[in-house]
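Let's walk through this protein together, one question at a time. Keep the structure open beside you and look for each place as we come to it.

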Amino acid sequence: MKRLVYLFLISFLLVAGVEISDAATSKTIYLNNSSGNPITTGATLKYYDGGWQTAIDQGDGSFTASVNGTSIMYTMTYKLRSQTITTSDPIVTFATVSTTALVKDSDGHTLTGGTFSYYGSGWSASFNSGDLLELLPGNYSVSMKYNNSGEQKNGQTVSGTSTEIVFTTTTVTPRLMNCTNTEDVPNSTFTYYGNQGWKANQATNTSIEILPGNFSFSMSVNGTSKQTNGIAVSGASQDIIFNATLMNYVYGGNITYYSNGWRTLTQGMYLMAGTYYFNFGNIQFTSFAVSGCTMEGNVNIFKTVKHDGTPLPNIPIARNHYYSSYTPVGTTDANGILFTSDQPTGNNNGIWKYKATKDNSIQYIISGPNNIKFQTSEFVTHVMHTDNSPFEGIKTEYNHYYSSYMGMSSSTTDASGNASIELFPGEYKFKATKDFSVQYKELEILLPGTSATVNFQTSTFVTHVMDHNGNPFGGIKTEYNHYYSSYMGLSPSTTDASGNASIELFPGNYKFKATKDNSVQTEMLNIPASGLTASVDFQTALAEAHVKDCELNTGVEGVTVEYNHYYSSYMGLSPSVTTASGIASIELFPGTYKFKATKHNSSEVKTVAIAGPVTTFEFNPTRVTFNYPGTVKYNHYYSSYMTIGANTYLFPGTYNFRFYNGNTLATQQSIAISGCSMNQALIFVQLKNSLGAGLAGGDFDYRYGSGNYSNLGLDNTGNGYWAFINGNPTNAEVKVKYGGTSFSKTQNVKVTPVFTFNTVNVTAGLFQSDDATEITSGTTWQYRY
């Protein structure tokens with residue numbers, strides 16, 4: 001441990017001995033002014049010798065520094081500015097420069113009253129122009145202020161024994177002139193905005209010296225002013241010219257304007273361009289634009305107002321310049337005002353005829369150059385119900401051009417039944433329209449600023465519907481023919497329990513229709529005057545279909561009777577299917593209609609003219625009985641067959657029938673059904689030989705009892721055939737004729753409808769008596785029956 005400490009101390013001493021082996025040198029640094037005199041205060045000195053160090057101020061204009069190096073950097077700081085000298089000289093001297101900033105005019109004359117400052121390490125305090133300052137050499141920014149103007153010069157070099165920095169002003173002369181710049185406007189003043197704000201007003205044509213830069217100038221005359229910003233001032237001299245507008249209006253009254261108070265305008269006055277309040281007599285303009293070289297001419301102010309005095313905008317004004325010809329003057333603005341100054345003086349001491357037009361209504365006024373007021377009147381259309389109560393929602397219109405009409409305000413009457421339009425006084429035609437019914441009225445108003453009303457009133461048109469007995473018929477749709485072939489509903493949409501529906505229309509002659517099940521009746525109803533109620537009657541007729549057995553004269557039950565109500569569609573009568581009475585009916589309005597009766601999908605259609613109160617017509621189905629022991633089926637629907645029995649009713653027509661022997665189809669026949677009834681039996685007849693084979697040529701007859709025979713027909717095939725015999729026989733006799741012979745059978749056709757006949761094979765021979773040898777030649781045979 002002791003050995004280590006010892007070695008450390010030896011090393012330290014060796015190092016320390018090295019550092020102090022060279023002795024430091026003391027050097028003196030001086031700061032003198034431009035005259036060589038020492039500057040004893042306000043300066044600091046730093047030097048760099050292995051690092052920045054501060055020299056010792058001796059207070060006599062000198063500084064001392066203890067340095068070890070040879071070439072040393074010295075930095076002197078004085079009055080916000082530093083100067084650096086690097087030298088190895090033992091004596092170092094810093095010298096300031098006598099510096100000043102001056103303001104001179106463009107002729108080189110020095111001006112007083114300016115102040116300046118300079119920028120070193122910051123901006124200095126202000127000094128009066130011409131003051132001498134001792135500054136270290138270098139480049140400076142210098143700012144001069146003079147006469148509310150300022151200029152800054154950068155990069156100004158201060159060197160030598162003295163430096164003078166000169167700022168040169170511009171001679172500026174603000175002028176207010178007419179628009180051609182040929183004449184100065186008197187009694188005008190100006191001001192400008194610089195680094196001290198707005199300068200006090202000065203008379204125009206007064207020259208001022210100001211430093212170059214951008215300025216705002218304001219020119220005033222007769223209480224009006226105009227400011228222009230960003231005016232660049234430069235050079236030796238500069239005129240700044242403003243132009244004023246010459247006011248030369250000719251007006252038969254007092255003109256005032258507002259600019260820092262109300263002022264009276266007289267001819268020949270100048271005003272600065274701008275927007276002002278102007279009064280022409282009692283008419284005020286809140287944004288009256290003054291501009292241009294001259295505002296002159298005969299002032300005519302046209303004012304258009306509604307009946308209540310409120311502004312009436314967008315009204316065209318015209319002047320009568322030749323007989324019935326008019327020249328457009330202009331259109332009133334949103335405030336109902338049209339200002340003109342271009343109207344000619346006119347004839348008869350400035351008298352002109354003017355007209356204002358609104359919706360083709362016109363008002364004429366003869367006047368000179370002054371205020372001219374046009375005023376409308378209020379034309380009110382008032383619409384009432386039949387009961388005199390206000391009618392809301394009715395469109396009323398004004399006849400503005402030939403046969404053309406235009407809407408009112410509002411487009412339909414309000415809750416009070418009113419609509420209105422502003423028109424110039426006169427007599428005009430109006431119309432009210434409800435559901436295409438129209439009433440026309442005329443209204444005349446002679447004086448502007450007044451209001452009058454024309455009344456419109458509807459009447460009540462009632463449709464009353466009765467059934468064929470004269471009873472009220474509820475639920476029937478009735479309509480009013482409002483447009484060509486179009487109809488619209490009444491209220492209620494169908495008749496009420498009293499059979500009534502109604503609509504309010506303006507008086508006139510109108511067509512109405514009532515519709516039931518697409519049957520229609522139309523009637524006309526005329527009500528000649530307003531406020532009346534009248535009705536038109538509609539009455540249905542009873543169309544009564546009787547389905548009867550025309551032989552028994554009894555009703556046929558179970559038949560569906562329908563009415564052709566729409567194209568190929570049918571609707572049922574009441575009841576939907578006939579009862580034992582065979583009667584079904586429907587209430588329809590008189591006319592010609594098609595009816596259909598249907599039983600077992602057989603039907604009959606009849607066209608019937610229906611007239612009131614009751615029209616009866618008949619359907620007569622055929623009562624069909626086939627006296628056949630097996631099952632009989634009728635082709636009632638497409639490929640479907642239904643079983644029928646005795647006394648089945650079918651409407652006339654040709655139908656397919658099937659006759660069965662047990663479950664076996666015996667025959668299918670197409671049978672024409674007609675007449676009041678068909679009572680027939682179906683039998684089968686056939687002739688066979690002795691061997692049972694069919695034999696062609698049999699001719700068949702039949703009869704009942706001992707009556708005459710009726711021929712059934714010839715069997716040309718030998719296959720037999722089915723045939724109908726009239727009546728409902730228990731026993732029928734059928735006879736076949738063949739080969740000159742005949743044979744008959746009597747059978748109960750309800751049990752055995754098949755008649756089969758057989759021939760007998762007869763053989764005749766001639767033999768000898770002695771030996772029974774047959775004689776085969778020379779013999780002929782005959783037979784008779």
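Q: How many bridges join strand β29 to strand β30?
A: This is a predicted model, so each answer here describes a prediction. Strand β29 covers residues 274-280 and strand β30 covers residues 283-290. The two run antiparallel, and the number of bridges that join them is six.

Q: Which residue of β30 stands opposite Asn-279?
A: Stay with the pair β29 and β30, which form a hairpin with two residues between them. In the turn, Gly-281 has a positive phi of about 65°. Across the pair, the residue opposite Asn-279 is Gln-284.

Q: In the hairpin of β61 and β62, which residue takes a positive phi?
A: Strand β61 (residues 632-637) pairs with strand β62 (residues 640-644) in the antiparallel sense, over five bridges. One place to find on this pair is Lys-633, whose bridge partner in β62 is Thr-643. Two residues lie between the strands, and the one with a positive phi, near 50°, is Tyr-638.

Q: What is the order of the strands in the open sheet of four strands?
A: The pairing in this sheet is antiparallel. Its edge strands, each pairing on one side only, are β12 (127-128) and β15 (149-158). Reading across the sheet, the order is β12-β11-β14-β15.

Q: Which residue in β14 is the bridge partner of Thr-115?
A: Strand β11 (residues 115-119) and strand β14 (residues 138-146) are antiparallel and share five bridges. Look for Thr-115 and go across to β14: the bridge partner there is Lys-145.

Q: Which element gives the most residues to the lining of the largest cavity?
A: The count comes to one cavity of 30 Å³ or more, and the largest cavity holds about 50 Å³ of space. Two or more lining residues come from each of β9 (97-104), β11 and β14. With three residues, the element that gives the most is β9.

Q: How many charged residues are in the lining of the largest cavity?
A: Among the lining residues are Phe-116, Tyr-118, Leu-135, Tyr-140, Val-142 and Ile-165. Thr-99 and Thr-100 are in the lining as well. By class, seven lining residues are nonpolar and two are polar, and the number of charged ones is none.

Q: Is Lys-516 buried or exposed?
A: Find Lys-516 in strand β49 (residues 508-516). Its relative accessibility is 13%, and the limit for a buried residue is under 20%, so Lys-516 counts as buried.

Q: Which residue's backbone oxygen lies 3.1 Å from a polar atom of the Lys-516 side chain?
A: Beyond its neighbours within four places in sequence, Lys-516 is in contact with several residues, including Phe-473, Ile-476, Thr-540 and Ile-586. Glu-587, Leu-588 and Phe-589 are also among these contacts. The backbone oxygen at 3.1 Å belongs to Glu-587.

Q: Which side chain makes a polar contact of 2.5 Å with the side chain of Asp-549?
A: Asp-549 lies in strand β52 (residues 541-549), and it counts as buried because its relative accessible area is 0%. One polar contact, of 2.6 Å, joins its side chain to that of Arg-623. The polar contact of 2.5 Å is with the side chain of Tyr-649.

Q: Where is Pro-575, the residue that follows Ser-574 across a cis peptide bond?
A: The bond from Ser-574 to Pro-575 is cis, with omega near 0°. Another cis bond runs from Ser-409 to Ser-410, and Ser-410 is in strand β40 (residues 404-412). The place of Pro-575 is the loop between β55 (569-572) and β56 (583-588).

Q: Is Asn-260 buried or exposed?
A: Asn-260 has a positive phi of about 55° although it is not a glycine, and its place is the loop between β26 (255-258) and β27 (262-264). Its relative accessibility is 69%, and the exposed class begins over 50%, so Asn-260 counts as exposed.

Q: What is the phi of Tyr-402?
A: Look in the loop between β39 (395-401) and β40 for Tyr-402. Tyr-402 counts as exposed because its relative accessibility is 68%. Although Tyr-402 is not a glycine, its phi is positive, at about 45°.

Conventions. Residues numbered from 1 in each chain as written. Predicted model: local features only at pLDDT ≥ 70, side-chain atom pairs only at ≥ 80, totals over all residues. Heavy atoms only, no water. Pairing = 2+ DSSP bridges. 1 Å grid on protein atoms, 1.4 Å probe; cavity = no way out; pocket = protein on both sides within 12 Å on 5 of 7 lines; lining within 4 Å. Points joined across faces, edges and corners; volume = space filled by probe spheres on them. Nonpolar A, V, L, I, M, F, W, Y, C, P; charged D, E, K, R; others polar. Buried < 20%, exposed > 50% of the residue type's maximum accessible area, 1.4 Å probe, protein only. Polar contact = N/O pair within 3.5 Å; in protein donor to acceptor, adjacent residues only side chain to side chain. Contact = heavy atoms within 4.5 Å.
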